[in-house]
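Here's a quick look at how one protein holds its ligand. Have the sequence and the 3D view open as you read.

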Amino acid sequence: MKTLKSYVCGGWHEANRDFALLYDPSTEEPIARASSAGIDFPAVLDFARERGGPALRALSFAERAGLLKEMSKALRERRDELLELQALNAGATRPDGAFDLDGGGGTLAYYAAIGRGLGSSRLLADGDSVQLGKSEAWSGRHALAPRRGVAVLVNAFNFPAWGFAEKAACALLAGMPVVVKPATSTAWVTERCVEILIEAAILPEGALQLVCGSTGDLLERLGAQDVLAFTGSATTALRLRGMPNLLAASTRINVEADSLNAAVLAPDATAGSPTFELFLRDVVREMTQKSGQKCTAVRRILVPTAEIATVEEALVERLRQVVTGNPADPGVTMGPLATAQQLADAVAGVAELRRAARLVHGSGARCDGQGSPAGKGYFFGPTLLFAENARAAAAVHSHEVFAPVATLLPYSGSAQEAGEIVALGGGTLVTSIYSDDPTWRREMVVEAAPWTGRVYCGSQAAAPEANGSGAVLPQTLHGGPGRAGGGAELAGLAGLRLYQQKVALQGTRAELAALLEV
Ligand code: NAP
């Protein structure tokens, strides 16, 4: 059986005890084991802070951007191998594996492109100068400097490639060394990505380290200049946020957590219209892509009461065509859930939702998967529920079932009411709205904006290019308020800020411009 290694202090570390097993989710066969036992975590931090950090900071933005470009290229060259591993370790179909892998490579390439334009400055200007005195002899300007610590990137199981790449792209471009900690269940994919990057000898020593297995006492040792970038469940986030050393040192923490994303159909987008068709296409994709194991997946579907029977019928018709099974089988369109725990959580989660909603498609139980032996594999088919009373369906607004599961919720058609129902989710990563009526759309955006990180406006005009509300693009914000974690990632250069210290500079306007080389 494969033993995953960690890459620390310039070498590969293989543990000899305390292993957690990784399984092929289509067959339940153990495929690998992982442990971080024996890693000297203080040395990992020292290596990053004393070797990786200075080496990265000695490079210009443009040079660091060059590293990102090489990273993207190295991963792309091994795409086929990595897609096979995605199927084995994460149960991902080829399109689902590509969504993760190409998303990671694309994000690295995007930051390479914008980093090239930042030149050689060691401080990044943030905004224009402002006059503070009677003349420009006394002015102020803000600048951003790389933090001097290490960025620890803790990721969820569902995006083993994109998850580390999107965080690493921003941290490395900002000039911070990273320690990558993937979720153990799908860590083989991340381990292989890091191995490819190390073999390609792209980054300076200490810029990229990998921990497979538990973080040991790593997080207890983070301090004032370090960053903890976390993606995962709200429960784990709460535990990490409360760590006394992180609170005492004001260690930067970014949290990307659960989200009960909503898709809202407007009353003007009636059956048969291109916007209605876009809505159906998006909802089915966002329910079933990666078997619903996406933080941006649609969990709540708001439809005007007058259209809800039509929508229910159309969705059931499309969900029936989804073929759940082993990604190795060419006829399969949706893979298994990633782990036995995810399957158990999905079964328990649907039972919880059924307290407030009735099942209209799916069984709420495990199913057999095409191409896998009967009784084996963590398969869970697409599942649609219907709650008659949207506001009263408390479980639907509080319980994230991380599987291909969503609930239909009728509403009157009023944007204000839809906004209030969206808000019951307590803060989401994305809200998708479908309308060709500018007045309704404007009202809906105003209602939803305080409760969501991104509003995806589906319409007839946008339909030819709209790529689905679940796609996280590096140009725009990823993160949401409240239960979504309150985090902010990506959004172009803003994505670097987590890894930079903002400083206000005061002096003459010309001196400040010279300092910042602008
Ligand atoms: P999880 O159980 O919270 O684990 C997330 C990560 O935290 C894993 O790497 C895990 O490592 C690590 N971890 C757990 N306990 C820890 C501790 N005490 N100290 C240090 N690290 C610890 O979440 P998950 O099951 O992997 O992911 C599913 C959740 O992630 C869902 O709720 C989903 O909504 C959310 N998610 C959010 C986003 C977003 O961008 N907002 C993206 C993807 C997923 P081990 O695996 O070794 O335990």
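A word on labels before we start: helices (H or I, at least four residues) and strands (E, at least two) are DSSP runs, numbered from the N terminus. Keep in mind, too, that this is a predicted model.

So where does the ligand sit? In the largest pocket. There are 27 residues around the ligand, and those that come nearest are Asn-155, Thr-184, Ser-233, Thr-236 and His-478.

Which elements feed this shell? Strand E11 (227-231) and helix H7 (234-241) supply at least two residues each. H7 gives the largest share, with three residues. Looking at whole domains, domain 1 (2-257 + 486-516) and domain 2 (261-482) each put at least three residues into the shell. By character, the shell splits into twelve nonpolar residues, ten polar ones and five charged ones.

Now for the polar contacts with the ligand:

| Ligand atom | Protein partner | Distance |
|---|---|---|
| oxygen | N or O atom in the side chain of Thr-184 | 2.5 Å |
| oxygen | N or O atom in the side chain of His-478 | 2.7 Å |
| nitrogen | polar backbone atom of Ala-257 | 3.0 Å |

How much of the ligand does the protein bury? On its own, the ligand exposes 910 Å², and 81% of that is buried by the protein.

Key. Residues are numbered from 1 along each chain as its sequence is written. This is a predicted model: local features need pLDDT of at least 70, side-chain atom pairs count only at pLDDT 80 or more; totals for chains, interfaces and linings use all residues. Side-chain values use heavy atoms; hydrogens and water are left out. A residue is near a molecule or strand if one of its heavy atoms lies within 4 Å of it. A polar contact is a pair of N or O atoms within 3.5 Å; within protein, one must be able to donate a hydrogen and the other to accept it, and residues adjacent in sequence count only if both atoms are side-chain atoms. Accessible areas come from the Shrake-Rupley method with a 1.4 Å probe; for residues, only the protein chains shown count as cover. On a 1 Å grid over the protein atoms alone, a cavity is a set of points where a 1.4 Å probe fits but cannot get out, and a pocket is an open set with protein on both sides within 12 Å along at least five of seven lines; lining residues have an atom within 4 Å of a point. A molecule sits in a cavity or pocket if more than half of its atoms lie within 2 Å of its grid points. Ala, Val, Leu, Ile, Met, Phe, Trp, Tyr, Cys and Pro count as nonpolar, Asp, Glu, Lys and Arg as charged, and the others, Gly among them, as polar. Domain bounds come from an automatic or database domain assignment.
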